[in-house]
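Here is a short tour of one protein structure. Look at the sequence and the fold first, then read on.

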Amino acid sequence: MNTAIKEFDVVVIGAGPSGLAAALSAARNGARVLLVEKNGYLGGNMAIGLPLLGYLDRDGKKVIGGIADEFMKDMAQYKTAYGTAASAHKVCPMHNSVTLYDHELFKIVALRKVLKENIEVLFHTDVESVEVENAQLKKIVLRGKGWRILVSARVFIDTTGDGDVAYLTGASYEKGQKDTGVLQPPTMMFTVAGVDIDKTIDYLAENPDQMERSKTIDCAGGYDADFFRSDPAFVMVAMRKLVSQLRAEGKMPINRENIIIINSLLPGEVHLNCTRHLGTDGSDVFSVTRAEIEGYLQIEEFTEVLKKYVPGFENCYISQIYPSLGVRESRRFSGIRRLTEKDLVEGHFDEETIGIGSYPVDIHAGDGLSTIFTKIPAYGIPYGITVSDEIEGLMLAGRCASMDAVAMSSARVMPICMVIGEAAGIGAALAVKQHISPRDVDVAEVRRILLDNDAILSVGE
Ligand SMILES: Cc1cc2nc3c(=O)[nH]c(=O)nc-3n(C[C@H](O)[C@H](O)[C@H](O)COP(=O)(O)OP(=O)(O)OC[C@H]3O[C@@H](n4cnc5c(N)ncnc54)[C@H](O)[C@@H]3O)c2cc1C
C-alpha cells in the first residue's frame, strides 16, 4: 500500500453539479482546492443523459444564474457537427423549463474550467475513513488503486449526493419521505439511437389519449404533440395507456406508469429515464448493486418493448448505459438551517437567501408506479443548509444538504444543486481566509460575491 499526505484549504468530495460549483467558487475565492471523485470523469449526474430542469420558474422567469449559467453559456457556444452543445431554456408546461445539453462534452467543459482554476483533481478515489477531534473534522483518508491518501483541510464540502463523508463523521441524518420513510427509487439511465422521434410525435398527435401521463402530475395546458414539434428541447412524459395495457398483458418490465423520453441534441438519439428499482437505498452498497443488476436487465427487456410497441422506436438500439445508478434520494444531513416544505409552499425568501429554487416537487414513488408532481412558487435557499450544525469544518451541498424530504424533491434538480454548491464554496473560502467557522461567515458577503458572478437572489432581478 502506498501512502501520501496532502493538505488543502478546502476539499470537495464528489464532482457532480454541486461539487463542481463548490470547487470552482472556493478556488476563485482564494482557496487551494482538492476535488475528489470516485469515477474517472467530472459531472456526476450531469453526465448521464439528463436535461437541466427548473432553470425558469413556473411563470417562465429565469431564476438560475452564477456558475450554472456560466456552464450553460459555455456549452451553448460550443460548436459541434449537429449544432451547439446546449439548447436555449425552453418553457415547458410540465417541468417549467427544459434545457438540453451534450453530457459527454460537458465532461470536457467542466474539466477545462476546473483546470483553469488550478483545482487538483483525484479520480478513482473513495473516502475510507475520517478523523474527527472534538466534533471537528480534521482529516479524511482516501483510498484508490493501492494508495491511501491522508488529506487535511480547514473545510470539507460533502457533495457525494449520499453524504458519504458526513455519514463517516457520525453526523445525524434523515432518509426517506415524510410519514412513510420510503425512499424515491433510483433509475439506470440509458440512451438509444436509431429513433425516429418525429414518428413518435405523429403517433401522439393521432392518439391524443396516449398523452395521458398520470393523475398525480400537475401540468399546465399545451403539453401535447404540437409542443414537442415546436422545438427539440423537450422531455416527453406520456403513454400511460399503452404502459397499463402492456402491464395487464404481462409485457411491461418496469414499475412505472408512463414513459419518460428525453430528447437529445444528437440526431436519432433519445435518453430514457425509465427503469425503476423499488426498495433501493442508494447509500447501501448491497442495495445499489442489486438495483444495478436489475437495471441492466430492465434496460435490455424494455428496449425490446420500445421496439415492438412504440412507433418511431422500431429500429432503435442501445447506444449507452451510464456507469452509475441515478439515485434520487438517500441521506440528508442536519445543518444550521433547514429548507422545508413550508418554505417552498410559502415561497419564503430572507436575508440568508443564496439562490432560488422553483422546480416542482417531484416525488417518484419508491413503493409503486406513480409520481407526484406539484408546482410551487419560487423560493429562497438559505446559506445555512450547507453548514453542518454538529461537525465543525463540514459543509454539505447538493441533495445531501439540510432539507426535508419534500424540499429536497424540488431542490434536487441539477441547476439548484449548482446554486447550493456555489454558495458553499464561497462560504468555505471565506471561512479559510478569515480563520473562522463556515457557520460564522457573513452571509451578506457570500451574497455580494454571488451577485458579482451574476447569481439571481430574488425573483424579478
Ligand atoms: C434518474 C434521475 C433523473 C433525474 N432527472 C433530472 C433532470 O431531468 N434534470 C435535473 O436537473 N435533475 C434531475 N435529477 C436530479 C439530479 O440529477 C440530482 O439530484 C443531482 O445531480 C444531485 O447533484 P449532487 O451534486 O448532489 O450529486 P450527484 O450528481 O449524484 O454527484 C455526486 C458525485 O459524487 C461522486 N461520489 C459519490 N460518492 C463518492 C465517494 N464516496 N467518494 C468520491 N466521490 C463520490 C459521484 O460519483 C458523483 O460524481 C435526476 C436524478 C435522477 C437520479
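## Helices α2 and α3

Start with a helix pair in this predicted model. In α2, the residues Glu70, Phe71, Asp74 and Met75 take part. They meet Leu105, Phe106, Val109, Ala110 and Lys113 in α3. By class, this contact of α2 with α3 has 6 nonpolar and 3 charged residues, and no polar ones.

Two values are used to describe packed helices: the angle between their axes and the distance between the axes. Helix α3 covers residues 103-116. The axes of α2 and α3 cross at roughly 120 degrees and come within 11 Å. That angle makes α2 oblique to α3. The crossing of α2 past α3 is right-handed.

## Helices α2 and α11

Helix α2 spans residues 66-77 and also packs with α11. Here the angle is about 125 degrees, and the axes lie 7 Å apart. This pair, too, is described as oblique.

Which residues of α2 meet α11? They are Gly66, Ile67, Ala68 and Phe71. On the α11 side stand Pro415, Met418 and Glu422. The contact of α2 with α11 divides into 5 nonpolar residues, 1 polar and 1 charged. Phe71 is listed in the contact with α3, and Phe71 is listed in the contact with α11.

## Helices α11 and α12

Helix α11 runs over residues 414-433, and helix α12 over residues 443-452. They pack at an angle of about 125 degrees. Their axes are 10 Å apart. α11 is therefore oblique to α12. α11 passes α12 in a right-handed crossing.

From α11, the contact uses Glu422, Ala423, Ile426, Gly427 and Leu430. From α12, it uses Glu445, Val446, Ile449 and Leu450. These residues divide into 6 nonpolar, 1 polar and 2 charged. Glu422 of α11 takes part here, and Glu422 is also listed in the contact with α2.

## The parallel sheet

Next come the strands. Sheet strands pair through backbone hydrogen bonds, either parallel or antiparallel. One open sheet has 5 strands in the order β9-β3-β2-β13-β25, and its pairing is parallel. Which strands stand at the edges? They are β9 (120-122) and β25 (394-396). Each has a single partner strand, so one side of each is left without a neighbour in the sheet. From one strand to the next, the twist averages 20 degrees.

Take one pairing in detail. Strand β3 (residues 33-36) is joined to β9 by 3 bridges, and the two run parallel. Leu35 has Val121 in β9 as its bridge partner.

## Helices on the parallel sheet

Helix α1 (residues 17-28) lies across three strands: β2 (10-13), β3 and β13 (155-158). Its direction runs at about 170 degrees to β3. Helix α11 packs on the sheet as well, where it touches β2, β13 and β25. The direction of α11 makes about 170 degrees with that of β13.

So far, then, α11 has appeared with three partners. It packs with α2, with α12 and on the sheet.

## The mixed sheet

A second open sheet has 4 strands, in the order β1-β12-β11-β10. Its pairing is mixed. The edge strands are β1 (2-7) and β10 (126-133), and each pairs on one side only. The twist averages 20 degrees from one strand to the next.

How do β11 and β12 run, parallel or antiparallel? They run antiparallel. Strand β11 holds residues 136-144, and strand β12 holds residues 147-152. The two are joined by 6 bridges. Leu142 stands opposite Ile149 in β12.

## Two domains

Finally, consider the whole chain. The domain assignment gives two parts: domain 1 (2-181 + 329-452) and domain 2 (190-321). Domain 1 is thus written as two stretches of sequence, 2-181 and 329-452.

How many residues does each domain bring to the contact? Domain 1 gives 37 residues, and domain 2 gives 38 residues. The centres of the two domains, taken over C-alpha atoms, are separated by 28 Å.

Conventions
Residues numbered from 1 in each chain as written. Predicted model: local features only at pLDDT ≥ 70, side-chain atom pairs only at ≥ 80, totals over all residues. Heavy atoms only, no water. Axes fitted to C-alpha atoms, helices over the stretch in contact; angles between N-to-C directions. Parallel < 35°, antiparallel > 145°, perpendicular 65-115°, else oblique. Left-handed = near helix turned anticlockwise from the far one by under 90°. Contact = heavy atoms within 4.5 Å. Nonpolar A, V, L, I, M, F, W, Y, C, P; charged D, E, K, R; others polar. Pairing = 2+ DSSP bridges. Domains from an automatic or database assignment.
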